[in-house]
Amino acid sequence: MKFSEKWLREWVNPAIDTEALSEQLSMAGLEVDGVDAVAGDFSGVVIGEVVECGQHPDADKLRVTKINVGEDELLDIVCGAANCRQGLKVAVAKVGAVLPGDFKIKKAKLRGQPSHGMLCAFEELGMAESSDGILELPADAPIGQCIREYFNLDDVTIDVDLTANRSDCLGIKGLAREVGVLNSQDVTEVAIAAVEPTIEDTINIELVNSQACPRYLGRIIKGINLEATTPLWMVEKLRRSGVRSIDPVVDVTNYVLLELGHPMHAFDLAAIEGGIQVRNANENEELVLLDGNTAKLNPSTLLIADNNKALAMAGIFGGEGSGVKEGTQDILLESAFFAPLAIAGQARSYGLHTDASHRYERGVDPKLQHDAMERATALLLEIVGGEAGPVVEAVSEADLPVEKSVTLRRERLDRVIGYHIEDAKVTDILTRLGLTVEFANDTWNAQVPSYRFDISIEEDLIEEVARVFGYNNIPNVAPTAALKMTTHQEAKLPVAKFRNELVARGYQEAITYSFVDPKVQQQLHPQSDALVLPHPISIEMSAMRVSLLTGLINTVVYNQNRQQSRLRFFEHGLKFLKDETAENGVSQIAVLGGIIYGNTHNEHWSIESKPVDFFDAKGDVEALIALTNDESRFSFKAETNDGLHPGQSASIYLDDKKVGFIGAVHPQLQKSLGLNNAAFVFEIEADTLVARKLPEAVSVSKFPSNRRDIAILVADDVKIGDILNSIEKVGGNQLVDLNLFDVYKGKGIEPGFKSLAIALTLQAADKTLEENDINTLVENVVAELANKFNASLRD
């Protein structure tokens with residue numbers, strides 16, 4: 001926001017210079033982006049009156065004038081401005097004057113006519129970037145007075161870059177309040193008195209969408225003179241705030257916007273049919289805006305309309321048909337409160353950004369509407385005349401923001417700031433900020449004013465106290481901390497352990513968005529009911545992920561398209577599932593997922609090129625499970641999973657609970673997902689891995705071990721894992737190692753069968769196993785396999 005320093009000092013005038021004021025604002029969080037003079041550096045320019053103005057005898061575009069600057073003789077000046085005329089008060093650069101750019105005025109002759117000075121435009125005085133013709137001054141401008149004094153040009157424009165939470169400072173009133181707090185000075189506010197109506201004309205107002213617009217004020221003013229001239233003081237204040245003067249009505253609404261921080265709008269009363277409705281746009285409704293462009297309105301856009309048509313986009317931009325224009329005699333003045341969420345994003349959706357939308361998006365004081373209406377009415381009646389009717393208000397108290405009460409504890413304040421600020425000082429700071437404060441038992445109970453949308457919790461009050469007190473005033477104290485042994489549960493593995501394991505196996509960690517493309521996710525998880533965001537960043541990021549697969553596959557595709565042929569990625573993150581039993585209806589589950597793609601190894605002359613397969617991914621998952629030292633509780637079961645190849649898919653179980661899956665991406669999805677070759681993925685709940693079974697120390701057996709190999713024939717559909725589990729149960733404590741070392745199908749084996757060669761290592765802790773003991777145990781194993789799997793020893 002740009003503002004004139006002198007305008008600010010009309011409200012509050014601290015005994016500090018411009019540089020100190022800028023530094024003070026910046027340190028308080030209102031960062032000053034720039035300080036610029038309101039006019040160029042010039043001297044010798046005074047107010048003059050055009051006494052005579054005639055055509056130059058030898059030039060069609062030049063005029064010969066005689067100018068009264070309050071001296072004994074009139075000045076002869078040749079001027080080329082089309083708006084030069086007799087009786088006009090003008091800015092005269094006399095001989096010897098110096099204009100911006102070190103341009104010195106000297107006596108000269110133009111086409112044979114003497115010229116002892118120059119009639120200046122705003123542009124030539126550095127008061128505007130461009131201008132049409134010479135500067136025209138009011139008729140009461142005192143002849144001979146220095147222009148710098150007349151315009152009060154010993155002033156600067158301060159440009160403050162406000163953060164989105166400080167909408168209360170988007171007006172001189174809010175800025176003055178802030179400066180008053182920083183300097184412990186009272187603020188002299190503009191006296192705003194209610195304007196007594198002189199006519200009875202009113203208009204009916206209906207709040208169709210009271211949640212988006214809880215309060216709307218309207219006032220009819222009749223018989224205005226739009227030909228009136230905006231006062232010079234107002235034009236200058238607008239100019240120094242970066243706003244161009246347009247006409248008296250628009251200038252007044254802009255002035256109130258800058259002064260109080262409250263947007264306003266004026267409608268041509270003749271263009272309004274019936275009453276005012278505050279409603280959302282209808283389907284396929286259009287509105288021609290003040291800039292001449294036609295906007296196709298979204299149903300989410302809030303409108304100001306009459307009984308038959310849209311008049312304006314609420315809080316954003318007015319319509320051309322209802323705008324104040326040449327010939328307007330009666331107006332409807334609007335002052336309303338629009339909920340920030342109702343306006344947020346709407347202007348950008350139409351490619352617009354206005355001063356009004358900028359303020360409404362951040363929040364406008366919901367109690368400021370009456371003051372803005374009375375202030376604007378008084379200024380309009382003073383400038384353009386007319387008669388004002390009574391103020392009509394439509395309000396929904398239930399939808400207005402509720403003032404908040406926040407508690408600040410002394411102990412918390414001291415701990416966060418690291419410094420003790422006196423109770424009286426804290427109370428003074430909070431009070432000057434506009435809060436109603438009660439202090440008792442080392443606790444401040446503060447009632448937050450309606451214009452401070454950003455204060456809602458205790459930390460907000462701590463921030464306010466710290467920044468107003470001054471961060472530079474808080475002494476630098478080096479922090480001290482006693483060393484303390486961290487508590488560490490040996491039975492709980494840190495996630496970093498699994499990260500390191502995967503990195504050691506050639507993986508790289510990926511961090512993908514929790515928001516995914518719903519179409520892609522639906523392909524991978526057609527049965528999932530994903531959470532859809534009401535206001536997504538984009539349509540490709542509008543659903544919450546139900547697994548890590550979507551992000552990991554996109555990462556592979558991105559790298560694959562950049563000539564990377566061997567890829568291994570993993571990610572640790574949350575997946576989001578609908579769960580009515582969970583808080584907010586969402587269950588957030590931490591999972592560890594991975595994907596492998598391409599060959600098992602990088603290209604090498606001594607290693608055979610081989611694409612990755614299911615068992616490469618399974619081996620990586622088994623390596624993670626091995627870290628828990630509790631592998632026996634985990635199992636892999638061949639099951640169909642969403643998005644995976646039905647013949648190369650398995651579920652991961654912990655005891656009887658499914659905790660993950662593993663498999664190949666379904667071949668039918670490879671092309672639509674952008675994969676050139678097969679990719680294998682896995683995902684497992686992180687909580688099931690972090691619990692580690694602690695090893696128990698046992699004595700090492702002093703007795704020898706014995707190995708016995710058996711070869712059995714079983715049907716093809718018998719799972720090897722089931723066979724090994726059965727052998728472990730029969731072998732008991734004496735079975736210290738078990739290994740499948742050969743699988744054979746072919747010559748000598750009947751079709752539909754396979755031969756399994758299994759090595760059993762037997763050892764006792766308290767004795768040497770006799771041959772009879774060993775044979776008995778092996779026979780028991782063979783008998784169990786025969787009974788359970790119809791297995792037979794191979795000849």
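Helix axes are lines fitted to C-alpha atoms over the stretch in contact, and the angle between two of them runs from 0 to 180 degrees between N-to-C directions. The exercises below use this predicted model.

**Exercise 1. Which orientation do α2 and α4 have to each other, and which residues make the contact?**

Step 1. Helix α2 covers residues 18-27 and helix α4 covers residues 172-183. Their axes come within 11 Å and cross at roughly 95 degrees.

Step 2. Angles of 65 to 115 degrees count as roughly perpendicular. The pair α2 and α4 is therefore roughly perpendicular.

Step 3. On the α2 side the contact is made by L21, Q24 and L25, and on the α4 side by V179, L182 and N183.

**Exercise 2. Classify the crossing of α11 and α13, and place V465 in its surroundings.**

Step 1. The axes of α11 (residues 410-417) and α13 (residues 458-469) come within 10 Å, with a crossing angle of roughly 60 degrees.

Step 2. That angle is not under 35 degrees, not over 145 and not in the range 65 to 115, so α11 and α13 are oblique to each other.

Step 3. The crossing of α11 past α13 is right-handed.

Step 4. R412, L413, V416 and I417 of α11 meet E458, E459, I462, V465 and A466 of α13.

Step 5. Beyond its neighbours within four places in sequence, V465 is in contact with L408, L413, I417, I421, V426, I429 and L430.

Step 6. The largest nonpolar core has 73 residues, and V465 is among the members that touch the most others, together with F3, L25 and L408. A second, separate core has 40 residues, including Y216, I276, A312 and A339.

**Exercise 3. Is T301 buried or exposed, and which side chain does T301 join through a polar contact?**

Step 1. T301 sits in the loop between β17 (294-296) and β18 (302-305).

Step 2. The relative accessibility of T301 is 0%. Because buried means under 20%, T301 counts as buried.

Step 3. The side chains of T301 and Y350 are joined by a polar contact of 2.6 Å.

Step 4. With residues up to four places away in sequence left out, T301 touches R279, N280, A281, M313, Q346 and Y350.

**Exercise 4. Describe the surroundings of L549.**

Step 1. L549 belongs to helix α16. With a relative accessible area of 1%, L549 is buried.

Step 2. Residues touched by L549, not counting those up to four places away in sequence, are L524, H525, F661, V681 and E683.

Step 3. L549 and I595 are 46 residues apart along the chain, and their C-alpha atoms are separated by 8.2 Å.

**Exercise 5. Where do Q563 and D655 lie, and how exposed is each?**

Step 1. Most residues other than glycine have a negative phi.

Step 2. Q563, not a glycine, has a positive phi of about 65 degrees. D655, also not a glycine, has a positive phi of about 60 degrees.

Step 3. Q563 is in the loop between α16 (549-560) and β30 (567-578). D655 is in the loop between β33 (644-654) and β34 (657-665).

Step 4. Exposed means over 50%, and partly exposed covers values between 20% and that limit. Q563 has a relative accessibility of 70% and so counts as exposed. D655 has a relative accessible area of 39% and is therefore partly exposed.

Note on methods:
Residues numbered from 1 in each chain as written. Predicted model: local features only at pLDDT ≥ 70, side-chain atom pairs only at ≥ 80, totals over all residues. Heavy atoms only, no water. Helix = DSSP H or I, 4+ residues; strand = E, 2+ residues; numbered from the N terminus. Buried < 20%, exposed > 50% of the residue type's maximum accessible area, 1.4 Å probe, protein only. Core = buried A, V, L, I, M, F, W, Y, C linked by side-chain atoms within 4.5 Å. Contact = heavy atoms within 4.5 Å. Polar contact = N/O pair within 3.5 Å; in protein donor to acceptor, adjacent residues only side chain to side chain. Left-handed = near helix turned anticlockwise from the far one by under 90°.
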